[in-house]
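Notebook, salt bridges. I wanted to look up which charged side chains pair up, and where they sit.

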Amino acid sequence: LLKDIEQIRNRPIIAYIANIIAPPVSANISIDNSDDFVFEELLRSIPADKKNLDILLVTPGGSAEKVARFVNILRNRFENIAFILPYLCQSAGTIFCLSGDELVMSEGACIGPIDPQVPGRDGRYVPAQSILTLLEKIQSDGAAMQAQGLPPNWTDVQLILNMDPKEVGNAHNASNFSIELVTEYLKNYKFQGWKTHSSSGLPVTEDQKQQRAKEIAAALCDHKRWLSHSREITRAMAKDLGLRITHPEDDPAFDRSLRRFWAATLFLLERTSIFKLYLSSSYTTVRSIMPQSPNSGVKK
(Lines give C-alpha, C1' and ligand atoms only; values in the text may rest on other atoms or scores of the structure.)
Protein backbone atom coordinates (compact mmCIF):
# COMPACT_ATOMS: atom_id res chain seq x y z
CA LEU A 1 0.00 0.00 0.00
CA LEU A 2 2.88 2.35 0.76
CA LYS A 3 4.42 1.46 -2.61
CA ASP A 4 1.14 2.47 -4.28
CA ILE A 5 1.45 5.97 -2.82
CA GLU A 6 5.13 6.07 -3.80
CA GLN A 7 4.33 5.20 -7.42
CA ILE A 8 1.50 7.71 -7.67
CA ARG A 9 3.57 10.53 -6.16
CA ASN A 10 6.67 9.41 -8.13
CA ARG A 11 8.97 9.94 -5.13
CA PRO A 12 10.10 7.78 -2.18
CA ILE A 13 8.05 7.75 0.98
CA ILE A 14 8.70 6.86 4.62
CA ALA A 15 6.14 6.51 7.39
CA TYR A 16 6.55 7.27 11.09
CA ILE A 17 3.37 6.26 12.87
CA ALA A 18 2.64 6.26 16.59
CA ASN A 19 -0.34 4.29 17.87
CA ILE A 20 -2.56 7.09 19.13
CA ILE A 21 -5.63 4.95 18.41
CA ALA A 22 -5.26 2.27 21.10
CA PRO A 23 -1.77 2.57 22.62
CA PRO A 24 -0.63 -0.12 25.09
CA VAL A 25 -0.77 1.29 28.62
CA SER A 26 2.98 1.19 29.29
CA ALA A 27 4.09 2.33 25.82
CA ASN A 28 5.79 5.67 25.17
CA ILE A 29 4.40 6.83 21.84
CA SER A 30 6.05 10.28 21.89
CA ILE A 31 8.90 11.43 19.66
CA ASP A 32 11.94 10.78 21.85
CA ASN A 33 15.54 9.51 22.00
CA SER A 34 14.44 5.94 21.27
CA ASP A 35 13.59 7.04 17.71
CA ASP A 36 17.13 8.14 16.82
CA PHE A 37 18.70 4.96 15.49
CA VAL A 38 15.59 3.61 13.78
CA PHE A 39 14.79 6.93 12.09
CA GLU A 40 18.31 7.14 10.69
CA GLU A 41 18.13 3.53 9.49
CA LEU A 42 14.79 4.32 7.86
CA LEU A 43 16.38 7.17 5.91
CA ARG A 44 19.25 4.90 4.85
CA SER A 45 16.68 2.69 3.13
CA ILE A 46 16.07 5.50 0.62
CA PRO A 47 18.46 5.38 -2.39
CA ALA A 48 21.25 7.95 -2.10
CA ASP A 49 20.41 9.60 -5.43
CA LYS A 50 16.86 10.54 -4.35
CA LYS A 51 16.55 14.22 -3.44
CA ASN A 52 12.78 14.41 -2.86
CA LEU A 53 10.95 12.66 -0.02
CA ASP A 54 7.42 12.18 1.32
CA ILE A 55 6.96 11.59 5.06
CA LEU A 56 3.69 10.07 6.22
CA LEU A 57 3.35 11.19 9.84
CA VAL A 58 1.02 10.33 12.73
CA THR A 59 2.12 11.39 16.21
CA PRO A 60 0.87 13.00 19.44
CA GLY A 61 4.12 14.99 19.62
CA GLY A 62 7.06 14.75 21.96
CA SER A 63 10.46 16.45 22.06
CA ALA A 64 10.85 19.64 20.00
CA GLU A 65 14.63 19.23 20.39
CA LYS A 66 14.42 15.79 18.81
CA VAL A 67 12.31 17.17 15.96
CA ALA A 68 14.96 19.84 15.35
CA ARG A 69 17.59 17.10 15.10
CA PHE A 70 15.51 15.12 12.58
CA VAL A 71 14.89 18.23 10.47
CA ASN A 72 18.63 18.95 10.35
CA ILE A 73 19.32 15.40 9.16
CA LEU A 74 16.59 15.55 6.54
CA ARG A 75 17.52 18.97 5.20
CA ASN A 76 21.18 18.05 4.85
CA ARG A 77 20.15 15.33 2.43
CA PHE A 78 16.84 16.15 0.70
CA GLU A 79 15.96 19.18 -1.42
CA ASN A 80 12.18 18.87 -1.28
CA ILE A 81 10.15 17.25 1.50
CA ALA A 82 6.39 16.80 1.76
CA PHE A 83 4.55 15.73 4.90
CA ILE A 84 1.40 13.65 4.45
CA LEU A 85 -1.07 13.59 7.33
CA PRO A 86 -3.81 10.93 7.21
CA TYR A 87 -4.93 11.57 10.81
CA LEU A 88 -3.53 13.48 13.82
CA CYS A 89 -0.16 15.20 14.04
CA GLN A 90 0.04 17.35 17.16
CA SER A 91 2.38 19.39 19.36
CA ALA A 92 6.01 18.71 18.36
CA GLY A 93 4.59 16.73 15.43
CA THR A 94 3.07 19.98 14.15
CA ILE A 95 6.49 21.63 14.37
CA PHE A 96 7.89 18.68 12.39
CA CYS A 97 5.33 18.77 9.58
CA LEU A 98 5.72 22.55 9.19
CA SER A 99 9.37 21.97 8.20
CA GLY A 100 8.24 20.59 4.85
CA ASP A 101 7.96 22.29 1.47
CA GLU A 102 4.46 20.82 1.14
CA LEU A 103 1.82 19.86 3.69
CA VAL A 104 -0.77 17.29 2.58
CA MET A 105 -3.77 16.80 4.89
CA SER A 106 -6.61 14.33 4.46
CA GLU A 107 -10.12 15.60 5.04
CA GLY A 108 -10.13 14.26 8.62
CA ALA A 109 -6.52 15.13 9.43
CA CYS A 110 -5.62 17.66 12.12
CA ILE A 111 -2.55 19.41 13.45
CA GLY A 112 -2.39 20.92 16.93
CA PRO A 113 -1.08 23.89 18.93
CA ILE A 114 2.69 24.00 19.35
CA ASP A 115 2.65 25.27 22.93
CA PRO A 116 5.10 22.92 24.64
CA GLN A 117 4.54 20.95 27.81
CA VAL A 118 6.93 21.36 30.74
CA PRO A 119 7.32 19.28 33.92
CA GLY A 120 5.69 20.70 37.05
CA ARG A 121 6.74 20.21 40.65
CA ASP A 122 4.99 16.86 40.79
CA GLY A 123 6.72 15.65 37.63
CA ARG A 124 3.53 15.82 35.57
CA TYR A 125 3.68 17.67 32.29
CA VAL A 126 1.54 20.78 31.87
CA PRO A 127 1.15 23.10 28.85
CA ALA A 128 3.69 25.90 29.16
CA GLN A 129 1.30 28.47 27.77
CA SER A 130 -1.34 27.68 30.40
CA ILE A 131 1.21 28.66 33.08
CA LEU A 132 2.09 31.89 31.27
CA THR A 133 -1.56 32.72 30.58
CA LEU A 134 -2.42 32.29 34.28
CA LEU A 135 0.55 34.44 35.31
CA GLU A 136 -0.48 37.14 32.83
CA LYS A 137 -4.05 37.13 34.19
CA ILE A 138 -2.85 37.39 37.82
CA GLN A 139 -0.61 40.33 36.88
CA SER A 140 -3.44 42.06 35.01
CA ASP A 141 -5.94 41.54 37.84
CA GLY A 142 -3.39 42.71 40.40
CA ALA A 143 -2.70 45.91 38.46
CA ALA A 144 -6.44 46.61 38.24
CA MET A 145 -6.88 46.12 42.02
CA GLN A 146 -3.87 48.33 42.73
CA ALA A 147 -5.28 51.09 40.54
CA GLN A 148 -8.38 51.06 42.79
CA GLY A 149 -6.28 51.21 45.94
CA LEU A 150 -7.23 47.65 46.85
CA PRO A 151 -5.02 44.72 47.86
CA PRO A 152 -4.56 41.87 45.35
CA ASN A 153 -6.91 38.91 45.40
CA TRP A 154 -5.92 36.47 48.15
CA THR A 155 -6.30 33.47 45.82
CA ASP A 156 -3.99 35.09 43.26
CA VAL A 157 -1.40 35.73 45.98
CA GLN A 158 -1.48 32.04 46.96
CA LEU A 159 -1.11 30.97 43.33
CA ILE A 160 1.92 33.22 42.90
CA LEU A 161 3.50 31.92 46.12
CA ASN A 162 3.07 28.35 44.89
CA MET A 163 4.48 28.97 41.44
CA ASP A 164 7.93 27.54 40.87
CA PRO A 165 10.17 30.24 39.25
CA LYS A 166 12.05 27.49 37.41
CA GLU A 167 8.75 26.18 36.01
CA VAL A 168 7.82 29.66 34.78
CA GLY A 169 11.26 30.12 33.24
CA ASN A 170 11.03 26.76 31.50
CA ALA A 171 7.60 27.70 30.17
CA HIS A 172 8.96 30.94 28.67
CA ASN A 173 12.01 29.28 27.12
CA ALA A 174 10.13 26.27 25.75
CA SER A 175 7.44 28.48 24.18
CA ASN A 176 10.04 30.74 22.56
CA PHE A 177 11.91 27.71 21.23
CA SER A 178 8.76 26.32 19.57
CA ILE A 179 7.93 29.69 18.02
CA GLU A 180 11.50 30.15 16.76
CA LEU A 181 11.60 26.68 15.18
CA VAL A 182 8.29 27.10 13.34
CA THR A 183 9.21 30.61 12.20
CA GLU A 184 12.52 29.34 10.81
CA TYR A 185 10.98 26.29 9.13
CA LEU A 186 8.11 28.17 7.51
CA LYS A 187 10.35 30.93 6.17
CA ASN A 188 13.12 28.65 4.90
CA TYR A 189 11.09 25.69 3.62
CA LYS A 190 7.30 26.06 3.49
CA PHE A 191 7.53 29.58 2.02
CA GLN A 192 10.46 28.72 -0.25
CA GLY A 193 8.23 28.72 -3.32
CA TRP A 194 6.17 31.76 -2.28
CA LYS A 195 7.31 34.32 -4.86
CA THR A 196 4.37 36.68 -5.38
CA HIS A 197 1.35 37.90 -3.41
CA SER A 198 -1.85 36.28 -4.72
CA SER A 199 -3.88 39.48 -4.23
CA SER A 200 -1.54 42.03 -5.81
CA GLY A 201 0.92 39.98 -7.84
CA LEU A 202 3.79 41.91 -6.24
CA PRO A 203 7.00 40.06 -5.30
CA VAL A 204 7.22 38.63 -1.78
CA THR A 205 10.21 39.93 0.19
CA GLU A 206 12.25 37.95 2.72
CA ASP A 207 11.05 40.31 5.46
CA GLN A 208 7.43 39.58 4.51
CA LYS A 209 8.09 35.83 4.65
CA GLN A 210 9.67 36.28 8.08
CA GLN A 211 6.75 38.35 9.36
CA ARG A 212 4.10 35.92 8.07
CA ALA A 213 6.01 32.95 9.50
CA LYS A 214 6.30 34.61 12.91
CA GLU A 215 2.59 35.47 12.97
CA ILE A 216 1.59 31.87 12.20
CA ALA A 217 4.03 30.46 14.76
CA ALA A 218 2.80 32.84 17.48
CA ALA A 219 -0.84 31.98 16.67
CA LEU A 220 -0.14 28.25 16.93
CA CYS A 221 1.48 28.80 20.34
CA ASP A 222 -1.34 31.02 21.68
CA HIS A 223 -3.08 29.17 24.53
CA LYS A 224 -5.74 31.91 24.78
CA ARG A 225 -6.72 31.12 21.20
CA TRP A 226 -6.88 27.32 21.43
CA LEU A 227 -7.62 26.86 25.19
CA SER A 228 -6.37 23.27 25.09
CA HIS A 229 -3.03 21.71 24.17
CA SER A 230 -5.00 18.85 22.56
CA ARG A 231 -7.12 21.12 20.35
CA GLU A 232 -7.54 19.64 16.88
CA ILE A 233 -6.81 22.19 14.16
CA THR A 234 -8.45 21.15 10.90
CA ARG A 235 -7.04 21.94 7.49
CA ALA A 236 -9.67 24.69 7.07
CA MET A 237 -8.49 26.28 10.33
CA ALA A 238 -4.87 25.87 9.23
CA LYS A 239 -5.70 27.62 5.96
CA ASP A 240 -7.23 30.51 7.91
CA LEU A 241 -3.90 30.88 9.71
CA GLY A 242 -2.19 31.39 6.36
CA LEU A 243 -0.92 27.89 5.62
CA ARG A 244 -1.25 26.41 2.14
CA ILE A 245 -2.59 22.85 2.38
CA THR A 246 -2.66 20.22 -0.37
CA HIS A 247 -5.87 18.12 -0.50
CA PRO A 248 -5.23 14.50 -1.49
CA GLU A 249 -8.73 14.19 -2.95
CA ASP A 250 -7.64 16.54 -5.74
CA ASP A 251 -5.89 13.43 -7.09
CA PRO A 252 -8.42 10.56 -6.77
CA ALA A 253 -5.81 7.83 -7.19
CA PHE A 254 -3.61 9.31 -4.46
CA ASP A 255 -6.59 9.84 -2.16
CA ARG A 256 -7.77 6.25 -2.63
CA SER A 257 -4.31 4.82 -1.93
CA LEU A 258 -3.83 6.99 1.14
CA ARG A 259 -7.23 5.96 2.52
CA ARG A 260 -6.47 2.27 1.92
CA PHE A 261 -3.10 2.58 3.64
CA TRP A 262 -4.60 4.31 6.68
CA ALA A 263 -7.50 1.82 6.91
CA ALA A 264 -5.05 -1.09 6.94
CA THR A 265 -2.86 0.67 9.52
CA LEU A 266 -5.87 1.34 11.76
CA PHE A 267 -6.80 -2.33 11.60
CA LEU A 268 -3.27 -3.23 12.70
CA LEU A 269 -3.03 -0.68 15.52
CA GLU A 270 -6.43 -1.54 16.97
CA ARG A 271 -5.73 -5.27 17.16
CA THR A 272 -2.10 -5.54 18.22
CA SER A 273 0.28 -4.29 20.92
CA ILE A 274 2.25 -2.27 18.34
CA PHE A 275 2.93 1.29 19.47
CA LYS A 276 5.26 2.57 16.72
CA LEU A 277 5.75 1.79 13.04
CA TYR A 278 8.71 2.87 10.89
CA LEU A 279 8.16 2.00 7.22
CA SER A 280 9.49 2.50 3.74
CA SER A 281 8.96 0.37 0.66
CA SER A 282 12.08 -1.64 1.59
CA TYR A 283 12.28 -1.30 5.37
CA THR A 284 10.08 -2.13 8.33
CA THR A 285 10.64 -1.82 12.06
CA VAL A 286 7.83 -2.43 14.52
CA ARG A 287 7.96 -1.56 18.21
CA SER A 288 5.49 -3.36 20.43
CA ILE A 289 4.86 -4.45 23.99
CA MET A 290 5.81 -8.10 24.11
CA PRO A 291 3.38 -10.34 26.04
CA GLN A 292 4.91 -11.98 29.09
CA SER A 293 5.42 -15.71 29.04
CA PRO A 294 3.12 -17.62 31.37
CA ASN A 295 6.27 -19.06 32.97
CA SER A 296 8.14 -15.76 33.30
CA GLY A 297 9.73 -15.41 36.70
CA VAL A 298 9.21 -19.09 37.53
CA LYS A 299 12.27 -21.23 38.17
CA LYS A 300 12.39 -24.62 36.55
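I took helices and strands as DSSP runs (helices H or I, at least four residues; strands E, at least two), numbered from the N terminus. This is a predicted model, so I kept to its cut-offs: local features need pLDDT of at least 70, side-chain atom pairs count only at pLDDT 80 or more, and totals for chains, interfaces and linings use all residues. Residues are numbered from 1 along each chain as its sequence is written, and side-chain values use heavy atoms, with hydrogens and water left out.

Entry 1, the count. I called a salt bridge when a side-chain nitrogen of Lys or Arg lay within 4 Å of a carboxyl oxygen of Asp or Glu. The structure has 19 of them.

Entry 2, D54 and R11. I found these side chains in a salt bridge, N to O at 2.8 Å. The pair joins distant parts of the chain, 43 residues apart: D54 is in strand β2 (52–58), and R11 is in the loop between α1 (2–9) and β1 (13–18). I scored burial by relative accessible area (buried under 20%, exposed over 50%, partly exposed in between; 1.4 Å probe, protein chains only). Both D54 and R11 are buried.

Entry 3, R69 and E40. Their closest N and O atoms are 2.8 Å apart, in a salt bridge. R69 sits in helix α3 (64–77) and E40 in helix α2 (36–44), 29 residues apart. R69 is partly exposed, at 33%.

Entry 4, E41 and R44. Their salt bridge is 2.5 Å, N to O. Both lie in helix α2, three residues apart, about one turn of the helix. E41 is partly exposed because its relative accessibility is 24%. R44 is exposed, at 54%.

Entry 5, the network. Which residues are linked by salt bridges into a network? I noted D36, E40, E41, R44, K66 and R69.
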